[in-house]
Amino acid sequence: MLPLLLLVLLCGCGAGEEPAAPAYRQISQEEAAELMAREDCLVVDVRRPDEFAAGHIPGAINVPNEEIRDEAPEALPDRERLLLIYCRSGNRSKQAAGKLAGQGYTNVCEFGGVNTWPGELVTELTEPEPEPEPEPVPEPEPKPTIDYLVLVDADHRLPGDWEDSLRLEDFVNAVGDEVRVERTAYAAYLRLKEDLAEEGVYVDLDSAYRSVAEQQAIVDEFTEKYGAAYARTYAAVPGTSEHHTGLALDLFLIVDGEIVYENEDLIRYPDLWSVIHARLPDYGFILRYPGGNGYAYEPWHVRYVGPEAAREMTDRGLTLEEYLSAS
């Protein structure tokens, strides 16, 4: 009977008790400072990396509490070394010390928070290094400016350096053709087009820039198909076409959503052309062939000369040739 009673008493003493948590020591910050001065210890800051960088005890390493889980941290390989644990206020350091003790570290001391630390703190926040000065890039030689009043016709060939100086914009028009235009003239055309659209008049570009080589190909094609006499009559000699300048623009109309593209059809809309021609000088354009100057009337053929010259030519009723002769 007595052995049974002893067994019951022994079992009853252990019932409901939790196993003791692995032990770590809690020490004062003064004790911690003494240990740092005389012991081979490792000071461990368990705050976040940004907190650590903003100010920490000299010589401390950063092992955030959140990263201390089931396995021993790689930064703490020696489980017997004296570890001095701290955080900001003491909460996270206690958690971390308990976890490390539970992982088998045998010499763990927790000493509270850095916010009451009496000693020196160091920071890892540094001014960003200045970016190295970029190596000087030589300024590209500016392209020669072009003469927006250049005259190109059968008697005046395209200047020899023109195509080297020309800056072109490329786009695809409403019928799917690629058109190239001198950059300033193209920007002016887009503003003109937008202004006309507000009045219910819709235009697009049929053609503009044509290189000397492209003109030669046209002459060769006409000569092969129709003979040399036809080619001389209907195709300009390469180097003498105003389209080489990139400043001559041939327009077509879009009327009630329908594209009006052929010359014989375009000529049937004098009211629309009247609106278009009235707007031309506002954007630096003139009607190049108004009729009566040795060329047939071409309402679609406009030429960029710049706003000042365009306004004067229009107000005085001058063609480009007449304006240049009078200048």
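**Entry 1: Ala60**

I began with Ala60, which sits in the loop between helix H3 (49–54) and S3. I kept in mind that this is a predicted model. Is Ala60 buried or exposed? Ala60 has a relative accessible area of 11%. Buried means under 20%, so I noted Ala60 as buried. Next I looked up its contacts. Leaving out residues up to four places away in sequence, Ala60 touches Val43, Phe52 and Tyr86. I also checked Asp45, which is 15 residues from Ala60 along the chain. Their C-alpha atoms are separated by 6.3 Å.

**Entry 2: the sheet**

I then traced an open sheet of five strands. In what order do the strands run? I read S1-S5-S4-S2-S3, with parallel pairing. Strand S1 (25–26) and strand S3 (61–62) are the edge strands, and each of them pairs on one side only. I followed strand S4 (residues 82–87) next to S5 and found four bridges, in the parallel sense. Cys87 has Gly113 in S5 as its bridge partner.

Helix H2 (residues 29–38) packs on this sheet. H2 touches strand S2 (41–45), S4 and S5, and its direction makes about 125° with that of S5. I looked at helix H4 (residues 91–102) as well. H4 lies across S1, S4 and S5, and runs at about 150° to S4.

**Entry 3: aromatic rings**

How many aromatic pairs does the structure hold? I noted eight. I picked Tyr148 and Tyr304, whose ring centres are 5.4 Å apart. Why is this pair edge-to-face? The planes stand at 85°, and over 60 degrees counts as edge-to-face, so the name fits.

The pair links distant parts of the chain, with the two positions 156 residues apart. Tyr148 is in the loop between strand S5 (108–113) and helix H5 (162–165), while Tyr304 is in strand S12 (residues 298–304). I compared their accessibility. Tyr148 is partly exposed at 22%, whereas Tyr304 is buried at 6%.

Tyr86, which touches Ala60, turned up again here. Tyr86, Phe111 and Trp117 form one aromatic cluster. I also found Arg79 over the face of Tyr105, at 5.3 Å from the ring centre.

**Entry 4: confidence**

Last, I looked up pLDDT. The protein chain averages 87, and 88% of the residues score at least 70. Where does pLDDT stay under 50? I found this over residues 1–16. The model has zero contacts for this stretch beyond four places in sequence. Predicted coordinates should not be read in detail where pLDDT is low.

Terms used: Residues are numbered from 1 along each chain as its sequence is written. This is a predicted model: local features need pLDDT of at least 70, side-chain atom pairs count only at pLDDT 80 or more; totals for chains, interfaces and linings use all residues. Side-chain values use heavy atoms; hydrogens and water are left out. Rings of Phe, Tyr and Trp (its six-membered ring) pair if their centres lie within 6.5 Å; planes under 30 degrees apart count as stacked, over 60 as edge-to-face and the rest as tilted. Buried means under 20% relative accessible area, exposed over 50%, partly exposed in between (1.4 Å probe, protein chains only). A charge sits over a ring if NZ of Lys or CZ of Arg is within 6 Å of the ring centre and within 35 degrees of the ring normal. pLDDT is the predictor's confidence in each residue, from 0 to 100. Contact means heavy atoms within 4.5 Å. Two strands pair if DSSP finds at least two bridges between them. Axes are lines fitted to C-alpha atoms, for helices over the stretch in contact, and angles run from 0 to 180 degrees between N-to-C directions.
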